[in-house]
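Please look through the chain displayed below and keep it in view while reading. The report that follows moves from single side chains to the fold as a whole.

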Amino acid sequence: MSMWLTLVKIEPALPNEARESSDPVGELRDARRRDDAHGEDYRVLCGIAEGRAEVEEGTAEWMNVYPALARAIGNGCAAVEASGPGRAAPFVLTPEEVAHVAAGLADEGWTRFLEIARFYVAAAAEGRAVVGEVT
């Protein structure tokens, strides 16, 4: 079974609106231009990070080795709503958090080969917030 990560760039004022929506990621994804959204296989992304951590640091605990990537996929982020069975809670990052994640992804070396890193760099350059969900 696949798990899909969806991220959507939103205007800085929208994180509060996203928290009040019953389906924040779906509504925002549908309302935005296609280039404002990013999606990829969550398990594949985690597998890449785990493999790199094992090779470079000798541990499979990749979220400790690459905290910016962990945060980029929602680890430690503010939840938009409580999660239901079989799905993670949607999360939101403010423009300041997006900028911090983008800088961290660059420092961790992800911008060279992961599209998610380029997505966050673009969102930071645009001063945007990000809402995301793993389904």
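## A charged side chain and its partners

Is lysine 9 buried or exposed? In this predicted model, lysine 9 is buried, because its relative accessible area is 4%, and the cut-off for counting as buried is under 20%. Lysine 9 forms a salt bridge with glutamate 126, with 3.2 Å between the closest N and O atoms. Since lysine 9 belongs to strand E1 (residues 4-10) while glutamate 126 sits in the loop between H7 and E5, the pair ties together parts that are 117 residues apart in sequence. Glutamate 126, for its part, is partly exposed, with a relative accessible area of 42%.

A second salt bridge joins the side chains of glutamate 11 and arginine 128, at 3.3 Å from N to O. Glutamate 11 is found in the loop between E1 and helix H1 (14-20) and arginine 128 in the loop between H7 and E5, so this pair, too, ties together parts that are 117 residues apart in sequence. Here glutamate 11 is partly exposed, with a relative accessible area of 42%, whereas arginine 128 counts as buried at 7% relative accessibility. Arginine 128 also forms a salt bridge with glutamate 126, the closest N and O atoms being 2.9 Å apart. Lys9, Glu11, Asp36, Glu126 and Arg128 are thus linked in a network of salt bridges, and the whole structure holds 7 salt bridges.

## Aromatic rings and a nonpolar patch

The structure contains 3 aromatic pairs. One of them is formed by tryptophan 110 and phenylalanine 113, whose rings are tilted, with 5.3 Å from centre to centre and 55° between the planes. Tryptophan 110 counts as buried, at 0% relative accessibility, whereas phenylalanine 113 is partly exposed, with a relative accessible area of 40%. Phenylalanine 119 and tyrosine 120 form an edge-to-face pair, with 5.7 Å between the centres and 90° between the planes, and both of these residues are buried. Ring pairs also link Tyr66, Trp110 and Phe113 into a cluster.

Phe113 appears again at the surface, where Val44, Ile48 and Phe113 make a nonpolar patch of about 250 Å². Isoleucine 48 is located in helix H3 (residues 42-57) and is partly exposed, with a relative accessible area of 36%. Glutamate 57 lies in helix H3 as well, and this residue is exposed, with a relative accessible area of 51%. Leaving aside residues up to four places away in sequence, glutamate 57 touches Arg52 and Val65.

## Helix H6 and its surroundings

Helix H6 (residues 95-107) has 13 residues, which at 1.5 Å a residue should span 18 Å, and its end C-alpha atoms are indeed 18 Å apart. The buried residues in H6 are Pro95, Val98, Val101, Ala102, Gly104 and Leu105. An α-helix has 3.6 residues a turn, so residues three or four places apart point the same way. The buried residues of H6 pack against helix H5 (67-72), strand E4 (91-93), helix H7 (115-125) and strand E5 (129-134). Just after H6, glycine 109 takes a positive phi of about 85°.

## The chain as a whole

The chain has 7 helices and 5 strands, and from the N terminus on these elements run in the order β-α-α-β-α-α-α-β-β-α-α-β. Of its 135 residues, 44% count as buried. Among contacts between residues at least 6 apart in sequence, 67% join residues at least 24 apart. The accessible surface of the chain comes to about 6800 Å², with 51% of this area belonging to carbon and sulfur atoms.

Terms used:
Residues numbered from 1 in each chain as written. Predicted model: local features only at pLDDT ≥ 70, side-chain atom pairs only at ≥ 80, totals over all residues. Heavy atoms only, no water. Patch = residues over 30% accessible without salt bridge, like charges linked within 9 Å, V, L, I, M, F, W, Y side chains within 5 Å. Areas by Shrake-Rupley, 256 points an atom, 1.4 Å probe, with all protein chains shown as cover. Salt bridge = Lys/Arg side-chain N within 4 Å of Asp/Glu carboxyl O. Helix = DSSP H or I, 4+ residues; strand = E, 2+ residues; numbered from the N terminus. Buried < 20%, exposed > 50% of the residue type's maximum accessible area, 1.4 Å probe, protein only. Expected span 1.5 Å × (residues − 1). Contact = heavy atoms within 4.5 Å. Phe/Tyr/Trp six-rings, centres within 6.5 Å; stacked < 30°, edge-to-face > 60°.
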